Amino acid sequence: MPTETFEFQVEARQLLQLMIHSVYSNKDVFLRELVSNASDALDKLRLAALRDDTLDADVSDLHIELEIDQDARTLTVRDNGIGMSYDEVGQLIGTIANSGTAEFLRELREAQDAAGAEGLIGQFGVGFYSGFMVADEVTLLTRRAGERQGTRWTSRGEGTYTLEPVDDAPRGTSVTLHLKPADPDNQLHDYASVWKIKEIVKRYSDFITWPIRLVGGTGDEGETAGSQTLNSMKALWARSREEVSEEEYHELYKHIGHDWREPLETIQLQAEGTFEYQALLFVPSHAPHDLFNQNYRHGLQLYVKRVFIMDDCEALLPSYLRFVKGVVDAQDLSLNVSREILQQDRHIRMMQRRLTKKVLSSVKNMMTEDTERYATLWREFGAVLKEGLVTDPDNRDALLAVTSFTTTQGDDGTVTLRQYVERMPEEQDDIYYITGESRESIDNSPHMEAFRERGIEVLLLTDPVDEVWVDAVGEYEGKRLRSVAKGEIDLGAREDDRSEDEKEQQAEAYAGLLGWMRERLQEDVKEVRLSTRLTVSPACLVADANDLTPALENMYRAMGQ
Ligand code: ADP
Ligand code: MG
């Protein structure tokens, strides 16, 4: 097969342009991305070798190599990991599989400033392409473990790339960057400098569990670099919190979370005893765009005695904590453990319970100690956490304690149920809420009139999950949760300043009209009655206390029930 030229997919081309005219101020991070990919490839190969005895692959010296050629001005990142087949290179490198990319690019165009754009790109982990921030040509040579033929991929990042089969490629992948001239004014450093490469590896990739070796190049003081291991390979989760800096934790997060931003919170847990494990969990600072997609891949990384076993291990946390990233390293599991086994394992279930409690208690801490960070967490992940009110009755109280709301009296989304109950007037028995698709639609709801008039606080619920959890939860500290749009609501005799006589008179006066309306509307409504709940609107539709709300009715109908 000769060399073939292909065009990048449109989205990929747009991202490449962004990389080339980079909005990133910090270009050093390209190396972190390439090392991160190499590390993943080594993890995958070791796992494949463990699972498949027939795979003919020597895994005795898995490592990453960085090679500097100062004369040619190239930097090569090489791994002897799983590698890629010809087809895989085209699929993985030439396109962007991410379905949210179009949406992302639109947001990016709307981003006001470079910092905003940088944040957005981070969310989409454009890993491999970041090489084009520092190189004007990138060559990737790879051979997949178990296959004989290798592939060479080359591109200048300008719309096309070439693919070519290669006969004598070593197993694994090497990425060679033809470095742009250094331009320190634009944060473009000399990446053929031994000193610089050492510094970057130490800063961003120290915790990588594979050796990162430097070969070739000349030391900046003239000594030959030879071959040396640059990283300490210390598993951060196995070290005590005092020994590890915030920055080191953050770099680990960026590697496993495929995020370029700092996490919002770092949570560490070391369980001793009969089933020993260590966990290092992170709450991201931004919700991924696909958090509510059916096929959102979530879960923690599972290690067994420092050996990487699997990504996206969903058995370790319930689905309503699917935004949490991190690592769990267990001492007493088999290296051959499968997803199916994990789902049923008693120890794993205990671990899940403990990790869940740990996450919820750290959310609680955040709420009392750092309201600003809590507000970020709730804004980004509140709608997901509330799913737990329905699916995890055991932790319902802990979840209710950290749930907060926008109400008619608190516009910033931080009113807790406790606060609501504490400021309820004495004669109010229930907690009132209204659900709807948007703030606007509920603000304009006629159901709100009487409450607004009387100054009664109402929880404003606009997440789809709200309809479901209010039903499941039912009450808080003995106070019923009641929809302002359901059933007969007695807002207290105090406010109803009409006498019994007056009421009777009104009932008589309107009897004819009500009768006529009942007849005309009998197909559509159960009942027509006089109401005290309106002040401005002439009429409103009210559901029976036990009826489904319109939104739920739609939901069940869509589910075919
Ligand atoms: P991400 O790492 O977030 O998936 P990247 O752009 O960094 O995104 O890489 C895209 C994909 O290309 C990876 O998921 C992986 O499948 C493949 N890939 C990249 N580098 C390597 C490598 N060194 N060895 C094997 N596969 C690689
Ligand atoms: Mg990557």
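Here are four short exercises on the structure above, each with a worked solution.

This is a predicted model, in which local features need pLDDT of at least 70, side-chain atom pairs count only at pLDDT 80 or more, and totals for chains, interfaces and linings use all residues. Residues are numbered from 1 along each chain as its sequence is written, while chains are lettered from A and ligands numbered from 1 in the order in which they are written.

**Exercise 1. Get an overview: how many helices and strands are in the chain?**

Step 1: Helices (H or I, at least four residues) and strands (E, at least two) are DSSP runs, numbered from the N terminus.
Step 2: The chain has 18 helices and 20 strands.

**Exercise 2. Look around ligand 1: which helix gives the largest share of its shell?**

Step 1: A residue is near the ligand if its C-beta atom, placed from the backbone, lies within 6 Å of it.
Step 2: There are 16 residues around ligand 1, and Asn37, Ala41, Leu92, Gly127 and Phe128 come nearest.
Step 3: Both α2 (29-51) and α3 (86-94) supply at least two shell residues, but the largest share, four residues, comes from α2.

**Exercise 3. Explore the largest nonpolar core: which residues touch the most other members?**

Step 1: A nonpolar core is a set of buried Ala, Val, Leu, Ile, Met, Phe, Trp, Tyr and Cys residues joined through C-beta atoms within 7 Å. Buried means that 20 or more other C-beta atoms, placed from the backbone, lie within 10 Å of the residue's own.
Step 2: In this core of 120 residues, the answer is Leu316, Val328, Ile434 and Val458. Helix α2 turns up again, with nine residues, the largest share of the core.
Step 3: Zoom in on Leu316: leaving out residues up to four places away in sequence, its contacts (C-beta atoms within 7 Å) include Gly299, Val328, Ile348 and Leu355.

**Exercise 4. Work through the six-stranded open sheet: which strands stand at its edges?**

Step 1: Two strands pair if DSSP finds at least two bridges between them.
Step 2: The order is β16-β15-β18-β17-β20-β19, with mixed pairing.
Step 3: β16 (415-416) and β19 (475-476) are the edges; each has a single partner strand, so one side of each is left without a neighbour in the sheet.
Step 4: β19 runs antiparallel to β20 (residues 479-483), joined by two bridges, and Glu475 sits opposite Arg480 in β20.
Step 5: Helix α16 (residues 466-473) packs on this sheet, touching β17, β18, β19 and β20.

Terms used. A residue is buried if 20 or more other C-beta atoms lie within 10 Å of its own, exposed if 12 or fewer, and partly exposed in between; C-beta atoms are placed from the backbone. Two residues are in contact if their C-beta atoms, placed from the backbone, lie within 7 Å. Axes are lines fitted to C-alpha atoms, for helices over the stretch in contact, and angles run from 0 to 180 degrees between N-to-C directions.
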